[in-house]
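Student: I should like a close look at one part of this structure, namely its sheet and the elements around it. Please take me through that part in one connected account.

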Amino acid sequence: MNKSLILLLCVLVSGSAFSKDRLEVFEDYDLGTEIMMMTTVRVDPNMGDIYLAGLRNSWVKAVKLQKELGYIKDWKIYGSDLPTSGDFNMLLVVSFANAADIEPNKTRYQEFMKKWSESDEKMSNEISAKYPEVRTLTGEYRMREIILK
């Protein structure tokens with residue numbers, strides 16, 4: 001009788017522990033509102049400094065202006081300490097307060113272009129035209145935080 005009772009209790013306890021094999025959004029976890037756009041980049045060996053110099057005068061200049069205008073929350077560049085492993089060795093990350101900030105917006109575009117001069121546009125185009133010589137884009141991702149309850 002004791003063995004049967006113990007066996008029954010074990011089955012009930014283990015069944016309840018494994019009964020939820022799938023989590024439900026908003027019940028078991030929430031989704032954050034901040035969005036991160038990430039670009040994975042494979043920079044060729046010994047070309048990291050050259051690529052960063054180009055980024056400074058093109059992409060970085062543009063995201064700094066976007067942050068100043070309040071269009072983005074932040075931006076970052078991450079480089080791998082192990083540059084020859086994996087599919088990418090650098091990340092370009094832009095954080096937005098919410099998904100609405102990613103949507104096309106004519107007013108914001110026009111405001112940005114007023115501050116982004118023709119010489120900025122020309123320099124950015126010249127720099128980015130040379131990027132294929134030093135790097136390969138390996139992916140783009142739109143990420144959102146998952147907050148487990």
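Tutor: The account below goes from the strands to the helices and then to one residue in a loop. The model is a predicted one. Its open sheet is built from four strands, arranged in the order β2-β3-β1-β4 with antiparallel pairing. The edge positions belong to β2 (74–79) and β4 (135–148); each has a single partner strand, so one side of each is left without a neighbour in the sheet. On average, and with direction ignored, neighbouring strands of this sheet are turned by 20° against each other.

Between the edges, strand β1 (residues 29–43) pairs with strand β3 (residues 90–96) through seven bridges in the antiparallel sense. Within this pairing, Met37 has Val94 of β3 as its bridge partner. Helix α2 (residues 48–56) packs on the sheet and touches β1, β2, β3 and β4. The direction of helix α2 makes about 25° with that of β3. Helix α3 (residues 59–68), in turn, lies across β2 and β3 and runs at about 150° to β2.

The loop between β2 and β3 contains Asn89. With a relative accessible area of 8%, Asn89 counts as buried, because the limit for that class is under 20%. Leaving aside residues up to four places away in sequence, Asn89 touches Val41, Arg42 and Val43, and also Tyr78, Gly79, Ser80 and Pro83. Among these contacts of Asn89, Val41, Arg42 and Val43 fall within the range of β1, residues 29–43, while Tyr78 and Gly79 fall within that of β2, 74–79.

Definitions and conventions
Residues numbered from 1 in each chain as written. Predicted model: local features only at pLDDT ≥ 70, side-chain atom pairs only at ≥ 80, totals over all residues. Heavy atoms only, no water. Pairing = 2+ DSSP bridges. Helix = DSSP H or I, 4+ residues; strand = E, 2+ residues; numbered from the N terminus. Axes fitted to C-alpha atoms, helices over the stretch in contact; angles between N-to-C directions. Contact = heavy atoms within 4.5 Å. Buried < 20%, exposed > 50% of the residue type's maximum accessible area, 1.4 Å probe, protein only.
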